[in-house]
Amino acid sequence: MGKKEIKPERAHQVPDLKEYSIYQQEIEKLKKLCSSIQKEKSKEVSQALKNYVIFRLVGVSENLLKSMTAHLIDEFKISAASMLKGDMVELHLDQLNELKSENITMGKIVTTTFGLSNAIQIALIFEKINGMKESPAVKKKRKEGRIQTSMLFFDWLQELSPIKKEKEDLFREADELLKDRNDITHNVTDYHASADSLLTKIIWWQGLINMMWFASYIHLSHNRKKLQEQNAIICEQIFDMK
């Protein structure tokens, strides 16, 4: 019997999706920094800026993903039981009143119980949100030894995307970026790609997050008749589907 500890103070830290534009502005600033890196003559300064861009990009994106997951859980009334392991949660009595705050929602509470710092975790959470399941046998095939080579959620996005997996594997690209951030943070390594490659990476990551949001929202709202026409337009524009 597993227990998840609920910490209301963390729920306050989950941003509202209405702050989306703020995070997009932060990512735009990182794009501009790539131009500064190109012009920078000092190798030390250039390297420090590259490391900062990767670190900041993933940090901003993690908050954006939290706001997305919280919003989807609340908007589509996804049950906490379907998102959390175990059948009980733990809450300190002195924190009970905090749950009455208008700023705290079920989506935010659930979101605080998991991390979004690597591609596997991101995929698992969005698989639960979208109600995706596969057999243990199929899951096992997604590994080569101890190395995870694919995830159901990213394969689903890949099928929606005009980009073929052979040309660009969404899971591996995301996994690589997030591991780069972790290595810079914990293993004191450097990001060695060029400023142009870094800019391309930022644009790609920004596009992937948008795809994650639209694909999930459209999938979850497919039974809402009022949104069918709107969803069809979004599908065509975002995923090149006609």
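Reader: At roughly what angle do the axes of helix 8 and helix 9 cross?
Author: First, this is a predicted model: local features need pLDDT of at least 70, side-chain atom pairs count only at pLDDT 80 or more, and totals for chains, interfaces and linings use all residues. Residues are numbered from 1 along each chain as its sequence is written, and side-chain values use heavy atoms, with hydrogens and water left out. Axes are lines fitted to C-alpha atoms, for helices over the stretch in contact (heavy atoms within 4.5 Å), and angles run from 0 to 180 degrees between N-to-C directions. The axes of helix 8 and helix 9 come within 8 Å, and they cross at roughly 125 degrees.

Reader: And what does that make helix 8 to helix 9?
Author: Angles under 35 degrees count as roughly parallel, over 145 as roughly antiparallel, 65 to 115 as roughly perpendicular and the rest as oblique. Helix 8 is therefore, to helix 9, oblique.

Reader: Which residues in helix 9 does helix 8 meet?
Author: Look at Phe154, Leu157 and Gln158 on the helix 8 side. Their partners in helix 9 are Leu170, Phe171 and Ala174.

Reader: How many helices and strands does the chain have?
Author: Both kinds of element are DSSP runs numbered from the N terminus: helices are H or I with at least four residues, strands are E with at least two. Counted that way, the chain comes out at 11 helices and 4 strands.

Reader: What share of the residues of the chain count as buried?
Author: Buried means under 20% relative accessible area, exposed means over 50%, and partly exposed is in between (1.4 Å probe, protein chains only). Of the 242 residues in the chain, the buried share is 44%.

Reader: About how much area does the chain expose?
Author: Accessible areas come from the Shrake-Rupley method with a 1.4 Å probe, and for residues only the protein chains shown count as cover. Carbon and sulfur atoms supply 52% of what the chain exposes, which is about 14300 Å².

Reader: Back to helix 9: what does it reach from its first C-alpha to its last?
Author: Helix 9 covers residues 170-186, 17 of them. The expected span is 1.5 Å times one less than the number of residues. For helix 9 that expectation is 24 Å, and the reach is close to it, at 24 Å.

Reader: Which helices and which strand help cover the buried residues of helix 9?
Author: The buried residues include Leu170, Phe171, Leu177 and Ile184. Their cover includes helix 3 (43-75), helix 6 (119-129), helix 8 (152-160), helix 10 (195-220) and strand 4 (147-148).

Reader: What sits within 3.1 Å of a side-chain oxygen of Asp169?
Author: That's a polar contact: a pair of N or O atoms within 3.5 Å where, within protein, one must be able to donate a hydrogen and the other to accept it, and residues adjacent in sequence count only if both atoms are side-chain atoms. At the start of helix 9, the Asp169 oxygen reaches the backbone nitrogen of Phe171.

Reader: What phi does Val188 take?
Author: Most residues other than glycine have a negative phi. Val188 sits in the loop between helix 9 and helix 10, and it counts as exposed because its relative accessibility is 71%. Although Val188 is not a glycine, its phi is positive, at about 55 degrees.

Reader: What about Lys77, what is its phi?
Author: Lys77 comes just after helix 3, in the loop that leads to helix 4 (80-83). Lys77 is exposed, with a relative accessible area of 72%. Not being a glycine, Lys77 still has a positive phi of about 50 degrees.

Reader: Is Lys108 buried or exposed?
Author: Lys108 belongs to helix 5 (residues 106-111), and its side chain reaches the backbone oxygen of Val14 at 3.4 Å. Its relative accessible area is 4%, so Lys108 is buried.

Reader: Which residues is Phe55 in contact with, leaving aside its neighbours within four places in sequence?
Author: Phe55 is in helix 3 and is partly exposed, at 41% relative accessibility. Its C-alpha is 8.3 Å from that of Asn182, although the two are 127 residues apart along the chain. The contacts of Phe55 beyond those neighbours are Arg181 and Thr185.

Reader: At about what angle do helix 8 and helix 10 pack?
Author: Phe153 and Trp156 are among the helix 8 residues that meet helix 10, where Leu208 and Met211 are among the partners. The axes are 11 Å apart. The two helices are roughly perpendicular to each other, because their angle is about 90 degrees.
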